[in-house]
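Open the model in your viewer and keep the selection tool at hand. This tour goes from one residue to the cores, then to the cavities.

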Amino acid sequence: MATELQNLVAELESNIGQVVLGKAEVVRLCVVALLSGDHVLLEDVPGVGKTLIGKALAKSISAAFCRIQFTADLLPSDITGGNVFNPQTGQFVYTRGPIFGHIILADEINRTPPRTQSALLEAMSDGQVTVDGQTYPLPEPFMVIATQNPFEFEGTYPLPESQLDRFLLRIAVGYPDRDDELQVLASHRVGEPIEKLQPVLDGPQIVALQHAVRQVAMDDSINAYLLDIVDATRRCEELRVGVSTRGALCLYRASQALALMENRDYVIPDDVKRLAVPVLSHRVIAKGYLQGSHRQMLETVISRLVDEVPVPR
Amino acid sequence: MHSRQFEHLLRVMIAVTIVLATMLLGIGDRTATLTIVSLCALAVSAYVTDITGRFRLSQSAANWVALGIVAATAAGASQLERHGQMVAVANLQSYLQYVLLFQPKTPRTYWQLALLSLGQVAIASTLVPGPMFGGMLLLYLFAGTASFLLLLLDSEAARFVARPARVLSSWAASKSTSQRLAAHRAPVLFGRSMPNSRTLGWGLLQQATLICASSLLVTSALFFLLPRWNIQNRQVASGEALRSVGFAKKVTLGELGEVVNNADVVMRIQFLRSHSGRPFQLLNEPLLRGTVVTHYENGAWTQTSATSPEPLPDEEKSPFVRQHIWAEPLDVAELFCVFPMFALQRDSRLRVDANGDELVRQEDYRSQHVEFEIATTGIIEEKQRHFLPCEAPLKGRAKAALLQMPVAHPGQTDPFPGLREVAARALREANLDPGDHLAAARKLNEYLHGSGHYFYSLEPQSRDTALDPLEDFVTTHRLGHCEYFAGALVMMLRSQGIPARMAIGFKGGEWNPLGMYYQVQQLHAHTWVEVYLDAEHLPREEFASEDTPPEAAWMVLDPTEGVQEKAQAAQQNGLLARAWQYIDYGHVLWTNYVVGLNAKRQRQGIYEPLAQGVGAAIENLVSPRVWQDRFRVVANSPVGTFWEWYRDHWFSWRGGLVAAGFSLVLAALYLAGRWAAGALGRPGFRRTRYGDGRPVLEMYRRLEAALNQQGLKRQPSQTAYEFALAAGGDLAEKIELRRLAPLPRRIVEAFYRVRFGGRTLDNLEADAVEHALAELEHALARPR
Amino acid sequence: MPRQRRIRICREGVYYILVVVAVLAGGTARQLNLLMLLGSMLAGPLLFSFIYGRLALRRIEVGRKLPSQTRADQRLVVDVRVTNFRRWLTIWTIQVEDVVQREGTFEDPGEKLAVSVFYSAIAARETKQVSYDGRLPQRGRYRFGPLRVSTRFPLGLVRHSLLLEQNEELIVHPKIGRLANDWAQVVRESPTGSQSMSRRGLLEADFYGLRDWRPGDSRRSIHWRTSARRGSFVVRQFEQRRSQDLALLVDLWQPPEATDEQLENVETAISFVATVIDEACRQSGRYLVLEMAAHEPLCRAGTASPLFFREQMDALSFIMPHHEPQFPPSLGHAVALVPPSLPILLISTRPIDYEALREAAAERDVQLTDRSLRGVNVAGDDLAPYFQV
């Protein structure tokens with residue numbers, strides 16, 4: 001395999017790391033999603049750098065970047081674009097929406113009504129946009145980094161459980177360490193460091209990396225381990241709905257991507273174990289009547305389940 | 001399949017079962033009346049009761065009718081003797097079946113029908129001894145099994161076709177719910193569909209066959225192993241008629257014709273080597289003598305005097321050959337065997353006449369199968385001898401009787417002028433002195449046999465009634481059967497002053513290569529000649545092998561032209577003949593080992609071989625010598641040796657029985673083992689989930705072992721890498737082990753490369769891993 | 001899946017064994033070889049019967065498929081499938097017995113009901129499925145299992161059976177009845193006479209779509225982006241959702257020694273609640289509050305969705321009435337928790353004590369007169385005009 005591609009990955013990580021301080025794990029997971037050709041949902045309180053991470057990732061790649069701020073009155077056509085009447089030609093012309101970019105930052109996705117959410121999510125899962133019966137393919141690579149704010153209930157429309165699993169990963173960003181926070185303060189003294197970020201990768205290179213991910217080998221015993229974990233969620237007493245087959249597949253792909261990032265062309269059990277929580281926790285539904293099940297509780301359940309499954313040797 | 005079709009098939013099979021049972025009874029009674037009546041009843045009831053439903057006997061009416069029938073039979077049967085009573089009971093069972101047939105059918109009815117027919121078979125088993133019973137019983141087993149299969153399918157299916165709704169009382173809201181509430185809230189649940197199978201018929205047939213086949217295994221094992229304690233068989237009341245031998249002690253010429261083509265079996269005889277007990281075939285055709293006649297008068301041979309029978313001589317002489325004889329019930333007292341004979345053990349059923357010429361059975365056993373074993377010295381080197389030693393030289397009247405010729409009555413001429421002339425001329429032409437009895441007798445024999453003057457024919461011949469039949473045969477119509485040939489030779493010998501007599505018995509018989517025995521039928525009846533030789537005429541060389549040569553002997557001469565031999569040779573071949581041999585052998589087995597199985601035979605034929613066989617098999621399995629032999633045989637000449645062995649041993653029913661028994665035991669052991677394994681839960685048999693294809697690599701195992709020494713154990717949910725990191729952290733906390741801290745992680749990384757990456761380590765890496773492992777093991781194993 | 005084997009000799013088998021023993025004993029006692037032969041021959045199938053069942057039941061798998069949810073009195077179809085894993089042996093006359101039991105209380109353990117399905121033949125490597133069906137009359141939790149697989153093949157002499165601990169549960173939801181078309185109006189016409197106005201802001205309603213501006217439309221509702229694109233004013237339309245939001249307060253009461261009618265009333269009340277929730281959950285986005293005073297009080301609030309529906313139905317399946325003679329104050333307190341804009345429907349199985357309600361509400365500083373409250377007494381005829389089970 002091409003070592004240069006891997007070096008690119010390392011470079012990408014360090015590039016983002018210059019700006020996003022103390023969030024190495026979150027950055028790594030975001031790159032995992034990028035390499036898997038999938039999307040990521042960042043969830044945390046405002047102001048911890050969700051948007052910053054998305055921007056940094058986008059800036060590190062020389063590809064079309066779009067940021068969509070989701071609001072209550074955002075319409076589906078505001079995302080996908082729509083047919084506009086051109087008085088000169090007397091015809092309708094399709095105008096592309098902001099979704100036709102490589103990296104899409106969908107900010108505060110839960111602020112928009114379900115209809116608009118659906119338009120984005122459909123585009124994410126199909127890789128294409130359909131307007132008035134006409135289908136327009138989205139460019140490759142295509143990645144959505146969505147953020148949502150969990151603590152604001154008034155005027156929000158939480159994503160339906162069934163649509164959450166359009167995202168490969170749901171990541172809680174969390175507050176930075178004290179040291180890192182100090183650094184953040186220091187780095188902002190002069191100006192926004194993000195503006196100085198230079199791209200290190202381009203679109204075709206990403207696509208090549210995505211292909212390389214699929215070549216990563218997975219031992220049968222690890223497959224069995226992965227399925228054991230998935231099985232455990234289905235049998236778990238506390239969960240109403242376990243992980244679907246798509247969830248298992250996502251874990252598989254993400255593990256491959258992580259292996260690639262760690263300079264391996266084979267998956268080890270540690271990859272699966274490490275990714276189980278971010279990949280699986282938003283794909284299960286807990287019992288009990290609290291809707292929009294608590295993220296933390298679910299993450300605890302999943303990590304406990306993972307701890308109960310024997311690891312292959 | 002629709003359940004109605006089931007029922008039709010079921011009815012047919014039940015009908016077959018019923019008819020088979022009546023047929024079995026019919027064999028015993030030699031009548032088909034019951035079968036025919038049953039068939040009629042079945043047909044009528046099928047139409048009237050089952051198909052059209054026009055007439056159905058109600059339960060109470062059926063009970064009354066049945067009661068009446070039982071009463072009538074009981075009244076009638078009380079006067080009958082035992083056999084008659086049995087038949088009456090069997091008939092009663094049929095009548096009850098008829099009553100059942102006209103009732104509406106339920107599974108219970110079918111059960112009753114089957115039970116009644118089973119009762120009939122049980123009765124038939126006490127009436128019918130023949131092998132036919134066995135064959136019919138097989139058919140019966142098959143029909144019965146099939147009936148039961150169908151009955152089960154039918155009744156089980158019927159149970160599920162329509163199930164009434166069930167009412168549950170307490171399924172309502174709470175404990176105080178009243179009945180009204182419960183009633184309209186009763187749950188209704190029932191299984192709905194009745195799936196059908198396309199191949200039901202064939203499948204059932206296969207099942208029935210499978211069950212029958214496996215049942216037969218059990219049957220044979222159980223039957224042969226059930227304890228027997230009587231020595232003699234209890235005789236079943238036999239309906240068989242006595243077989244005629246076709247001749248008596250008085251032989252009248254010209255009356256033999258009617259038996260010559262009769263294939264009724266008279267006896268079976270097997271010759272066994274005295275030491276090994278192995279059966280063999282004689283090189284010449286055996287002559288089985290029944291009786292001898294000496295006196296000739298008016299075309300009829302009779303015995304001179306009747307002597308009182310005595311027990312058999314039991315003084316053992318050697319060399320001897322054992323002859324094993326199964327005699328059918330005969331209308332004469334004589335038994336047929338190779339003479340001279342002596343008893344191997346006392347047998348109260350057998351007697352010998354005073355001269356030792358005749359083996360007879362006691363009056364009581366005349367109408368029975370008799371099986372016995374006696375010895376004979378008349379066979380040497382698998383060949384029957386032509387000279388029989390005579391215990392005591394004959395003197396006086398006894399010897400004179402052997403020279404008896406019909407005397408010319410006053411006013412009559414000598415009855416044998418021509419015969420005397422022919423005999424004298426034959427000797428004269430050969431320049432033989434009649435005083436040399438041996439040569440003269442042989443010459444005269446040759447004159448009749450093989451000279452081309454006389455011809456064999458079984459056709460009744462026209463004879464000149466003015467002449468004595470023998471005179472007529474010798475001089476005029478030179479065509480006749482064995483009695484003419486033998487009679488003529490005796491007369492010719494006597495006319496030349498040579499004492500002789502006529503022997504009556506059987507010659508040859510069908511050799512059965514399966515059972516290694518001769519089957520003797522009536523058509524093998526034969527007469528031949530025995531010439532008495534004094535000491536002076538005895539050919540010494542014939543008795544050279546014996547320590548004490550006898551003082552007198554009988555020489556056996558068979559003057560009959562050999563026509564039969566060719567006919568027999570033709571008969572030996574052909575598929576049909578082969579089939580008959582099989583059937584006959586089956587008959588023998590049936591008689592010996594089914595009907596006639598007794599304590600002695602069971603011990604000899606089954607228990608002992610079984611014990612030996614098992615012993616030998618174990619010996620065979622464990623003995624290194626036998627295995628060496630076996631390897632050598634295989635190594636030397638694989639095909640040839642095996643083929644030789646196979647040809648000699650391919651069929652041995654004892655061996656087969658032993659093998660069957662042994663495999664049953666093995667199967668039982670296997671099942672017991674499986675059961676035991678199942679009962680113990682088989683903890684060792686469970687497959688481990690991981691590493692079943694690929695073993696955990698040695699290096700990782702060593703790493704874990706080394707770290708275990710330090711009390712570091714991997715949790716099942718810990719990955720190897722996590723464990724290594726944790727262990728490294730632990731090691732780092734101890735100052736003296738700090739240098740080891742990075743080692744576990746390095747080893748696990750290498751392990752991962754091999755285990756999950758499918759790589760092989762190059763030399764450098766392998767050395768590094770080995771070094772690290774060695775260092776770890778050394779440092780951690782050291783007692784501190 | 002734990003398995004437990006059992007062999008039982010059927011009545012026919014007992015008879016058969018008696019006959020075999022009689023024939024064998026008779027034959028042996030009198031040393032009649034042919035009778036012994038007959039006895040041995042009869043013993044063969046008997047032994048085969050003992051062995052066959054073990055073989056037949058060894059490599060089969062039985063499974064039951066319950067519907068994911070069902071309602072009381074709804075037709076319930078349960079599929080039972082049997083797979084024969086043998087390579088060549090067809091197995092015959094397989095009967096599978098399932099046990100259904102309603103989970104009862106300590107004093108009233110539900111009676112068990114055994115249901116059997118029958119397979120005449122299952123060829124090698126074949127799976128067959130047979131269903132049983134019926135109606136479960138009561139809401140609540142039903143336990144299914146264990147499954148008993150048995151066969152009497154080949155001759156019906158011996159029944160081999162295998163007990164499979166394949167236990168499953170099925171929650172049977174309350175019955176759902178029919179609501180009259182105009183029932184929604186019933187909710188809004190409050191007997192207290194005060195129809196409170198919504199004070200909620202514009203954006204709190206559901207966004208519905210766009211339409212051209214008409215005179216009189218508020219300028220706040222102009223959608224500027226689209227207007228700019230189109231070159232003419234376009235306004236946003238909002239869905240009125242206020243009327244469909246609802247708070248349900250239920251007083252599920254039943255005297256300790258209840259009459260049939262009172263029992264019925266409780267069930268009817270539960271069915272009615274279930275039906276209302278069902279109706280509300282037909283469209284997502286409606287806001288529902290459910291407060292039930294029962295043996296174990298129930299308090300739920302949420303936006304209508306299939307999941308919400310399922311949760312409420314599960315809860316209603318197990319709810320038991322309370323026996324308190326006083327009007328439960330918790331219902332009064334609940335009024336305080338309900339957003340003022342929501343109409344309240346109070347359902348009771350006895351005449352409603354408005355005074356007690358008012359007092360309880362007053363404890364939480366809420367005046368009932370401010371609220372749109374409608375009371376329904378199931379025991380009376382209040383429900384009959386607009387609800388049918």
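Select Val149(C) in this predicted model. Show what it is in contact with (heavy atoms within 4.5 Å), leaving aside neighbours within four places in sequence. You will find Leu57(C), Ile60(C), Val62(C), Ile94(C), Gln95(C) and Val96(C). His160(C), Ser161(C), Leu162(C) and Leu164(C) also touch Val149(C).

A note on conventions. Residues count from 1 along each chain as its sequence is written, and chains are lettered from A and ligands numbered from 1 in the order written. Local features need pLDDT of at least 70, side-chain atom pairs need 80 or more, totals for chains, interfaces and linings use all residues, and side-chain values use heavy atoms, without hydrogens and water.

Next, add Val62(C), Val96(C), Tyr119(C) and Phe144(C) to Val149(C). These five touch the most other members of the largest nonpolar core, which has 120 residues. Such a core joins buried (under 20% relative accessible area, 1.4 Å probe, protein chains only) Ala, Val, Leu, Ile, Met, Phe, Trp, Tyr and Cys through side-chain atoms within 4.5 Å. A second, separate core has 107 residues, including Val27(A) and Tyr700(B).

Now go to the largest cavity. Which residues are closest to its centre? Select Leu118(B), Gly144(B), Phe148(B), Tyr16(C) and Leu42(C). The lining has 19 residues in total. By class, 14 are nonpolar, five polar and none charged. Nonpolar here means Ala, Val, Leu, Ile, Met, Phe, Trp, Tyr, Cys and Pro; Asp, Glu, Lys and Arg are charged, and the others, Gly among them, polar. A cavity is where a 1.4 Å probe fits on a 1 Å grid over the protein atoms alone but cannot get out; lining residues have an atom within 4 Å of a point.

Note on methods. 1 Å grid on protein atoms, 1.4 Å probe; cavity = no way out; pocket = protein on both sides within 12 Å on 5 of 7 lines; lining within 4 Å. Buried < 20%, exposed > 50% of the residue type's maximum accessible area, 1.4 Å probe, protein only.
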